[in-house]
Amino acid sequence: MSIKPVFVSTYPPRECGIATFTQDLVNAIEKYNDVRHCYVIALSKDKHLYDNRVLYDINQDKFSNYVKAANLINMSDIDVVIIEHEYGIFGGEDGDYIVPFVKLIRKPIITTFHTVLKNPTAKQFEILKKLADASYKVITMAKTTKEILMNVYDIEEEKIEIVHHGVPYMELEDKETLKKKYNLDGKKVISTFGLISPGKGLEYAIQAMDKVRREFPEAVYLILGQTHPNIKRIKGEEYRDKLVNLVRELKLENNVIFVDKYLTKREIMEYLRLSDIYLTPYIGREQAVSGTLAYAIGSGKAIVSTPYTYAKEMLSDGRGMLVEFEDAHSIADAIITLLRDEKLRKEIERKTLEIGKEMYWHNVAKRMIDIFYDVVELNKKVGVIA
């Protein structure tokens with residue numbers, strides 16, 4: 001038996017972390033014979049040219065598009081619907097168009113929650129709860145968020161599955177060769193990648209470099225990626241300009257480098273490979289998952305991070321160093337400790353890679369396919385009982 005899934009999600013060429021996640025996941029799933037073809041219902045704000053996986057393009061702010069998409073799913077031979085949920089990618093207040101949409105669907109639903117808030121507003125609580133109620137299974141990417149789903153949202157334990165955020169595996173050149181390729185030979189490289197927005201706390205990382213460079217003048221901090229398109233649409237490059245000005249004020253032009261482009265997968269993996277330390281100085285305490293942190297773990301990096309929900313769990317047991325929120329001195333001290341102590345850095349890299357191997361996309365895809373089969377069987381049983 002082969003299963004036909006459809007994913008409801010943002011999707012490339014839309015520049016969005018969940019879009020990239022979905023594309024990577026369906027690429028990995030389609031390598032298994034159990035799934036002949038994955039389909040996508042794409043969510044967008046602008047018109048995009050999609051690949052042949054995309055059955056329909058929902059303008060996220062037009063409710064009539066959701067009705068059309070639900071009807072299309074119901075009339076098709078799709079076996080299971082996977083919703084990649086993030087409040088900001090659906091229309092309505094906090095993305096509440098998703099609620100009547102799932103009520104219209106007559107196929108079994110699985111929902112992956114990319115954000116699980118410990119202290120939601122009444123509206124956010126209602127959306128997540130109704131989505132969970134409409135789903136045969138809900139997926140989260142960490143044990144911590146499973147506990148929040150159970151304790152805050154009262155979702156039954158047997159409905160919740162933990163599936164790691166997937167990461168790519170690539171054969172790459174060694175670290176020193178890649179440093180030469182990117183004109184970074186002789187440098188101690190700290191990096192952060194991803195779409196740039198104020199919640200990333202990059203100003204504290206830049207301030208930290210002022211202290212780091214006094215002991216390690218050869219240290220370089222790479223800020224890799226473009227400004228988030230939603231931020232750019234509303235505020236232009238206001239945040240990036242603020243960061244650039246901060247670099248100038250602190251005279252850090254030789255120690256902080258902006259790579260202002262949308263990186264290819266290979267470029268991301270090469271920059272990670274050549275980095276000595278990966279840094280996520282994020283401000284949001286409740287961030288349930290971070291694709292960039294997952295990639296760094298999959299690459300076996302020594303990681304410095306603020307203790308947001310996902311980082312606290314994934315970097316436990318000596319897999320990284322946690323620092324205070326919005327605290328440049330704390331960030332600087334952790335970076336300096338790791339640059340001074342190569343033995344400690346290597347030990348952290350070893351521990352990180354152990355869990356990183358479990359997160360390779362082919363392992364995540366196999367786990368998802370097993371869940372598809374479970375849900376299709378559950379749906380058959382419910383149909384017989386009904």
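Two strands are taken to pair if DSSP finds at least two bridges between them. In this predicted model, seven strands form an open sheet in the order E3-E2-E1-E4-E5-E6-E7, and the pairing is parallel. Strands of a sheet pair through backbone hydrogen bonds, in either a parallel or an antiparallel manner. The edges of the sheet are formed by strand E3 (54-59) and strand E7 (160-162), each of which pairs on one side only. On average, and with direction ignored, neighbouring strands of this sheet are turned by 20 degrees against each other.

Within the sheet, strand E1 (residues 5-9) and strand E4 (residues 80-85) run parallel and are joined by four bridges, with Pro5 standing opposite Val80 in E4. Helix H1 (residues 17-29) packs on the sheet, where it touches E1 and E4, and its direction makes about 170 degrees with that of E1.

On its other side, the pairing of E4 with E5 is again in the parallel sense and extends over five bridges; here Glu84 stands opposite Thr112 in E5. Between these two strands, the chain crosses from E4 through helix H3 (residues 98-104) to E5, and this β-α-β crossover is right-handed.

Strand E5 (109-113) is largely enclosed by the rest of the structure, because five of its five residues are buried, a term that applies to residues under 20% relative accessible area. In a regular strand the side chains alternate between the two faces of the sheet. Accordingly, Ile109, Thr111 and Phe113 point one way from E5, whereas Ile110 and Thr112 point the other way, and all are buried.

E5 also runs parallel to E6, to which three bridges join it, and the bridge partner of Ile110 in E6 is Lys137. A right-handed β-α-β unit is made by E5, helix H4 (residues 122-134) and E6. Helix H5 (residues 143-151) lies across E5, strand E6 (137-140) and E7, and runs at about 170 degrees to E7.

With regard to the cysteines, the structure holds zero disulfides. Cys16 is in no disulfide, and the nearest cysteine sulfur, that of Cys38, is 18 Å away, whereas a disulfide would require a pair of cysteine sulfur atoms within 2.5 Å. Cys16 counts as buried because its relative accessibility is 10%, and Cys38 likewise counts as buried, at 0% relative accessibility.

Definitions and conventions:
Residues numbered from 1 in each chain as written. Predicted model: local features only at pLDDT ≥ 70, side-chain atom pairs only at ≥ 80, totals over all residues. Heavy atoms only, no water. Buried < 20%, exposed > 50% of the residue type's maximum accessible area, 1.4 Å probe, protein only. Axes fitted to C-alpha atoms, helices over the stretch in contact; angles between N-to-C directions. Contact = heavy atoms within 4.5 Å. Right-handed = clockwise from strand over helix to strand, strands pointing away.
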